[in-house]
Amino acid sequence: MGNAISLPFKVAKTTLSFYGGFFHYLFGAGRKSPYLLGTESTFPYFKPAKDDTADVSLFKQHARIHLYTLASAFYLWNKPHYRKGSYRDDLRDNFRNVAVPGTGVPLSIFVRNKLLALGFTLGANPAICLVASVHKWLKTRFKSSISGEYKTRLLAPDDWFSYWRLNCRVAGLHALLNDVPPGYDMENKWTFLVEGEKQKVPVSPYMKTPGIVVKHRNEEGGMGIFFYKNAADGGDWIIQERIQNSEWVSTLLPSNAPLSTFRVISQSHASIDLSKAPTREDITALSCVFRAGRKGANTDHDSILFDVDVKTGLIRGGTTNAHWYRLGLHEALPGRCPWRSKHGYTHHPDGDIEVSGKTVPDIRGMLDLVEESHLKLCPDVPFVGWDVVLSADKKVPVCLLEVNLSCNFFRGSFDQKVYLDFIDDALVKLQAQRLTADAEGKKFKMKSA
């Protein structure tokens with residue numbers, strides 16, 4: 001009974017802390033002052049205390065970072081983005097096929113303009129967090145804490161979507177305030193392959209013939225024929241032979257499965273101070289996920305996501321985030337779209353093939369490759385998501401397909417303290433650069449092609 005009485009007050013306190021912290025960084029004192037850490041922090045809501053447990057300290061740190069970067073999204077809104085005309089444009093593109101599970105409504109609708117996005121952040125966001133907290137309480141048969149879950153969801157969210165958006169906001173700020181360092185060019189697939197080859201990074205092999213012609217075997221009269229000019233000859237198309245999964249990877253997949261990659265996320269301390277020469281010690285691989293492609297799929301975007309222990313290579317439980325990509329109002333019907341998913345897969349569902357418990361061969365070698373490639377190609381970029389292939393090609397048994405610089409962890413596990421400490425250090429520098437840009441009245445321009 002006591003918990004029921006206190007619940008509204010706890011929820012209200014959390015909501016007020018969210019509003020207070022968000023506005024502190026949007027246009028309050030936090031917008032105009034340095035971003036300080038520890039006891040020097042001027043953030044009034046989650047100040048560190050000597051008697052904080054490790055979990056409480058981590059929560060406060062996460063909440064501060066989340067609220068700072070969330071407010072920063074509105075600073076970035078109409079400013080140039082490293083791959084789009086503006087941060088808003090990038091949001092709209094990325095949210096076209098994403099919906100809060102159980103709604104079916106693409107999130108791109110809510111970022112059409114700044115006012116609508118602000119209304120969603122301040123209104124819909126807390127409401128969704130509260131509904132999710134009640135839902136978990138019901139699913140756990142009243143064992144979870146509604147107020148505790150609400151506090152996590154709203155102030156220090158640890159779901160894949162929130163981490164993805166956090167990484168995107170950090171990348172957006174970093175690229176803008178550092179005039180788009182050269183490493184951001186690596187997100188262009190062709191630039192990545194060419195520069196990777198120059199730096200002796202094992203990228204996926206590509207053809208250098210000027211172009212190819214593709215014909216349908218039965219069409220006539222000039223129909224069913226297509227011409228592709230190779231990027232190697234100034235065209236738009238990267239022409240490659242199809243890469244096959246290695247024999248070991250194939251044992252974990254059903255027949256007719258697509259190329260199934262390992263998503264590895266790395267971070268670079270060298271990106272914080274670009275005046276210093278980067279070193280190998282600056283780069284850290286944070287996480288690894290095996291994307292086990294589904295039977296009949298063209299790519300591993302349709303896959304089961306198996307978490308991999310970066311220390312041992314042990315494959316843990318698998319999950320999916322497909323419920324975030326289900327669009328249409330019919331997905332809001334009861335029982336239509338699951339709201340949650342757990343790391344409950346131990347076997348690939350297309351063939352009942354055991355995956356969990358297996359060990360990735362030479363996981364340290366894979367992580368070393370990623371860290372060395374981050375150092376060679378883009379040490380000036382904070383986070384990089386690498387698509388690593390274990391292939392059947394004996395000449396290139398391990399290669400890198402491409403990179404994503406506004407990356408998501410694909411629900412992989414990682415050391416939160418290492419991750420958050422890095423972001424804190426980055427934000428100290430970025431806020432200083434931001435204040436300098438304000439003082440100088442800097443006008444940001446799109447990077448020329």
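How many residues does helix α5 have, and how far does α5 reach from its first C-alpha to its last? In this predicted model, α5 covers residues 114-139, which makes 26 residues, and the span comes to 35 Å. That is close to the 38 Å expected at 1.5 Å a residue.

The helix does have a bend in it. A kink of about 35 degrees sits at Ala124, and the proline Pro126 follows shortly after. Pro126 is also one of the buried residues of α5. The others on that list are Ala117, Thr121, Leu122, Asn125, Cys129, Ala132, Ser133 and His135. A bit of helix geometry helps when reading such a list: an α-helix has 3.6 residues a turn, so residues three or four places apart point the same way.

Both ends of α5 have something to look at. At the start, Asn113 brings a side-chain oxygen to within 3.2 Å of the backbone nitrogen of Leu115. Just after the helix, Arg141 adopts a positive phi of about 55 degrees.

Now for the sheet. Six strands line up in the order β6-β5-β4-β3-β9-β10, with antiparallel pairing, and the sheet is open. β6 (315-319) and β10 (398-404) are the edge strands; each has a single partner strand, so one side of each is left without a neighbour in the sheet. From one strand to the next, the twist averages 30 degrees.

Here are three of the pairings:

| Strand pair | Sense | Bridges |
|---|---|---|
| β3 (residues 262-268) and β4 (residues 283-293) | antiparallel | seven bridges |
| β3 and β9 (residues 383-390) | antiparallel | six bridges |
| β9 and β10 | antiparallel | five bridges |

Some individual partners are handy for finding your way around. Ile265 has Ser287 in β4 as its bridge partner, while Gln267 stands opposite Phe383 in β9. Further along the sheet order, Trp386 is matched with Val403 in β10.

Why is β3 described as largely enclosed by the rest of the structure? Seven of its seven residues are buried, so the strand is largely enclosed. Burial covers both faces of β3: Phe262, Val264, Ser266 and Ser268 point one way, Arg263, Ile265 and Gln267 point the other way, and all are buried. Among those buried residues is Arg263, and so are the two with partners given above, Ile265 and Gln267.

Notes. Residues numbered from 1 in each chain as written. Predicted model: local features only at pLDDT ≥ 70, side-chain atom pairs only at ≥ 80, totals over all residues. Heavy atoms only, no water. Helix = DSSP H or I, 4+ residues; strand = E, 2+ residues; numbered from the N terminus. Expected span 1.5 Å × (residues − 1). Bend = angle between axes of the 7 residues up to and from the residue. Buried < 20%, exposed > 50% of the residue type's maximum accessible area, 1.4 Å probe, protein only. Polar contact = N/O pair within 3.5 Å; in protein donor to acceptor, adjacent residues only side chain to side chain. Pairing = 2+ DSSP bridges. Axes fitted to C-alpha atoms, helices over the stretch in contact; angles between N-to-C directions.
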